[in-house]
Amino acid sequence: MYNGILNVYKEKGYTSHDVVALLRGILKQKKIGHTGTLDPLAEGVLPVCLGTGTKLCDMLTDREKEYEAILLLGISTDTQDITGTVLQKKEVNLPEKVVEQAVFSFLGEYNQIPPMYSAIKVEGKKLYELAREGKEIERKARKVGIFSIQILSMDLPKVHIRVSCSKGTYIRTLCHDIGKVLGVGGCMEALVRTKVGNFGIKDALKLAEIEKYQSENKITEKILSVEDTLGIYPKCVVDANTDHLVYNGNPFREEAIPGSLLVIESPVRVYDSKGKFIGVYLYRKEKKAYYPLKMFLEP
């Protein structure tokens, strides 16, 4: 069984679930999970977790993401992208400076109302299922973060933007909201996810490439280990007297760390006294101890 993370380039027309299903056939293993849904219209980076790497799915989903999108002004649709039913069309006779100001006004945090065509569950039912039944329900706005937003090119009614954002941000909703602010409506015409955490698009592999590497018995060269994936977190080595605690997933006191590691309230990679990777722990100030978040110790 393969363990780790595979940086997949999801192509247009596939759902994220399609990619997982196809990979199960290519790699001949069932334990596979993806790290964040991409719509069929979208393409780009989709980190896929394999084997013990599936424990990382939620941690990778939480990471900052970067996208490039084409905003099409003057058209509003029910799905907020170009694949949906057109609800309204308007002429776009706006100065570029006005469009720029509207785009940049979304920099920072803002309250975004999730689209009806989304996988968010309300009372056990996904919103897109209700939308397909012709129903629309009130959705609560969620705070999202737009860390950076750039205009790469502008040829109205189209605007090519690059966005770095927090988890849970819908880029098609961002396009819709920009259009709304401008009073002409807007939708997303195209979307490419260029980055998820430290996974970039230049290293992402298409399914055909993965199949080729697998047939040549070279696929392990392309799988990033769990430990390497967590390299953004500081390394923490416990003393020999604490080994038995971490082997059983128990918390340990800060005094168990030899040397002068700065105590930080963010995740750390924990190793036993012999240098074996154990898992990810988080320091809890009120307890003055480290508590396990994810354990990766293999028998």
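## Three spots in a predicted model

Gln-214 is found in helix H6, which spans residues 207–215. The model is predicted. This briefing looks at Gln-214, then at Arg-193, then at helix H3.

**Gln-214 in helix H6**

- Gln-214 has a relative accessibility of 16%. Buried means under 20%, so Gln-214 counts as buried.
- The side chain of Gln-214 makes a polar contact of 3.0 Å with the side chain of Tyr-2.
- Gln-214 is also in contact with Ile-26, Leu-27 and Ile-219, leaving aside neighbours within four places in sequence.

**Arg-193 in strand E12**

- Arg-193 sits in strand E12, residues 186–196.
- Arg-193 is buried, yet it has no salt bridge.
- Where is the nearest side chain of opposite charge? It belongs to Asp-39, and it is 9.4 Å away from Arg-193.
- Arg-193 does have a polar partner: its side chain and that of Tyr-67 are joined by a polar contact of 3.3 Å.
- Residues up to four places away in sequence aside, Arg-193 touches several others, including Gly-36, Thr-37, Leu-38, Glu-43, Lys-65, Glu-66 and Ile-201.

**Helix H3 and its two sides**

- Helix H3 covers residues 96–104, and Val-99, Ala-102 and Val-103 are buried there.
- Seen down the axis of H3, these buried residues fall within an arc of 100 degrees, so they line one face of the helix.
- Lys-97 and Gln-101 are on the other side of H3, and they are exposed.
- What covers the buried residues of H3? The cover includes strands E4 (65–73), E10 (142–155) and E11 (158–165), along with helix H5 (171–182).

Note on methods
Residues are numbered from 1 along each chain as its sequence is written. This is a predicted model: local features need pLDDT of at least 70, side-chain atom pairs count only at pLDDT 80 or more; totals for chains, interfaces and linings use all residues. Side-chain values use heavy atoms; hydrogens and water are left out. Buried means under 20% relative accessible area, exposed over 50%, partly exposed in between (1.4 Å probe, protein chains only). Helices (H or I, at least four residues) and strands (E, at least two) are DSSP runs, numbered from the N terminus. The arc is that of the directions from the helix axis to the C-beta atoms. Contact means heavy atoms within 4.5 Å. Lys and Arg count as positive and Asp and Glu as negative; His and the chain ends are not counted. A salt bridge is a side-chain nitrogen of Lys or Arg within 4 Å of a carboxyl oxygen of Asp or Glu. A polar contact is a pair of N or O atoms within 3.5 Å; within protein, one must be able to donate a hydrogen and the other to accept it, and residues adjacent in sequence count only if both atoms are side-chain atoms.
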